[in-house]
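I opened the model today to look up three things. They are the cysteines, one helix and one pocket.

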Amino acid sequence: MSKVWVFTEEPKAALHVLSPAINTASKFGEKPALMVPSGKELDGIADRGWSKIIALKGLNDGASFEYASAVATLMKKEEPKIVIVPGTKLGKEVAAFIAALSGAAYAPEALDIMLDGEVIKYARSILGGGVIATYKAKAPFLVATYQLYQYPPPEGGHTIPEVTEIEVSVERSKVSRVEVRPLEKSGVDLRKADRIIAVGRGLAKREDLAVIEELAGLLKAEVGCSRILTEDYKWLPSERQVGLTGVIVSPRLYVAIGISGQIQHVIGFNKSKIVVAINKDKNAPIHQYADYSIVDDLYKIVPALISYLKKTSSQ
Amino acid sequence: MNIIVLAKHVVDTAALRIDPKTGPVFRGALTKVSDYDKHAVEEAVRIKEKTGAKVTILCVGPTEAARTSLKEAVAMGADEAFLVSTGSSYVFNNMLTLMALINSIKRIGSYDLIICGEVSEDLYQAYIGPALAVQLGIPFIGSAVKMEVNAGKIRVERKLEDVVEVLESPLPAIISVTREINQPRIPTTMQIMKVPLTKIKTIAPGELGLSEVKDKEDDISVLEKLEPARMASRKGIKVEGAPEEVAEKLIDALKKEGVLE
């Protein structure tokens, strides 16, 4: 079997790691193998150039520990070098379990996996995102996760390999799922947004979000924010939080309003095409990360932008 | 009921100076209890207030943590704290931390529940909880937004991408918590000062049968280098003038960039 595996409990998520998986497998002169729990829909996933597809039978749905136990058991037998898990919330838990059960080196939210002869190296972002740490694995294999939406998947249309069903003996999980219900959320996915107006600590009160929303509406943008507005003030739901602890976005336009520009936040919008910063503090780090920088009070600039946009759109 | 809370003493990344050539400057850096772990302490103290549990804080980290982070955690309402001291080092690999935790948990003795933050603010791995659970042979549930202990069992609610799951596990178990689960109390400076150092025991790794502290290497991996992250290069154009003027200039510029339509 291939030296590079992708395991995911959610086949669609495999597309998020397809590009790095193919790239890593090519260093071994191979294609990656895909592993999923049996009974999952593989339409649009199976034809992406996998060397093999393995469906793992007999695992309780959503039981992260059982998924990991099955993969770790197979690893012992087949000795892959690298196991990649897409960074869904459950996926991250599965990956940590696989690493712990197999004794693998672990690269959560990896930036890069490198091969130096036989030696596996990996880079990840630490200390709030301002620092890149490069590790060398001493263990003979690596488990890695990647954040979702980082790499657009290559096209499908490849020959679909036969799906092999395997039943592996696993250690059963003592955790039981007693209830599952849909998560109520605002429905926004900033990772898909074309334009984002993000607001931070500079906003004086919750009611003022209305003005930000008005500007966002005029620019056909989504509203995002820095961590303080979700985790500390709880003014906005967590899916609107941009940054290392929120979502990593890549819009064409990112406007940071009243945001100081801590590195954890900057990491979140670093892939934007054009960045605008509005912050009255000329020393705020955000100005260093902007294409267009306005050193002025957001309470003056935002209304001016709104009235200018209204005026020009009505002409 | 005995609860162990894993609390990490971390460099305050928001205030960390990063030299553009050499990377992070640890000397003189501000430090604190990892934010996520404060929520773990709070959750344990709330269980204590309801059921009379004993709460023990456990930390693997630099010696200074005893005087700062661990005093703060005890001031929040924990009974005592153990620090496995790594001297002046911050540990960037997992195995030493994991072994130190396992050996000190054995030394603490019986426990019903271990609570930790879902990630640490410095390394952001979400690894120690699941790995410790594997080593101790007990269940782990991550990212709790709600938890309830009842008759030898724990019920945990957590959010995945599209669903809310309610999970149940027998005790003992390890649970990691999100920042959403509660609002941690903030002890006053006086309360923190009053915590007697006798409540905080510092243990050398040697006392736990562990070898010397290597902060960048264990049997699984070696940290080779730390470098400053490189951000995208930007145009750095200042837009100046009266607000109306700034608005017009900015919108015109964005139109020219082709990012408005």
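I count a disulfide as a pair of cysteine sulfur atoms within 2.5 Å. This is a predicted model: local features need pLDDT of at least 70, side-chain atom pairs count only at pLDDT 80 or more, and totals for chains, interfaces and linings use all residues. Residues are numbered from 1 along each chain as its sequence is written, and side-chain values use heavy atoms, without hydrogens and water.

**Cysteines.** I found 0 disulfides over all chains. Why is B:Cys116 without a bond? Its sulfur is 13 Å from the closest cysteine sulfur, in B:Cys59, which is too far. B:Cys116 is buried at 6% relative accessibility. Buried means under 20% relative accessible area, with a 1.4 Å probe and protein chains only. A:Cys225 is also buried, at 0%.

**Helix 4 of chain B.** I take helices as DSSP runs of H or I, at least four residues, and strands as E runs of at least two, numbered from the N terminus. This helix covers residues 128–136, and 7 of its 9 residues are buried. Among them are B:Ile128, B:Leu132 and B:Leu136. The buried residues pack against helix 3 (89–102) of chain A. In chain B their partners include strand 1 (2–6) and helix 3 (95–108). Contact here means heavy atoms within 4.5 Å. Just after the helix, B:Gly137 has a positive phi of about 70 degrees.

**Next.** I still want to go through the second largest pocket. Helix 5 (227–232) and helix 6 (263–269) of chain A and helix 1 (35–51) of chain B each give its lining at least two residues.

Technical notes:
Chains are lettered from A and ligands numbered from 1 in the order in which they are written. Buried means under 20% relative accessible area, exposed over 50%, partly exposed in between (1.4 Å probe, protein chains only).
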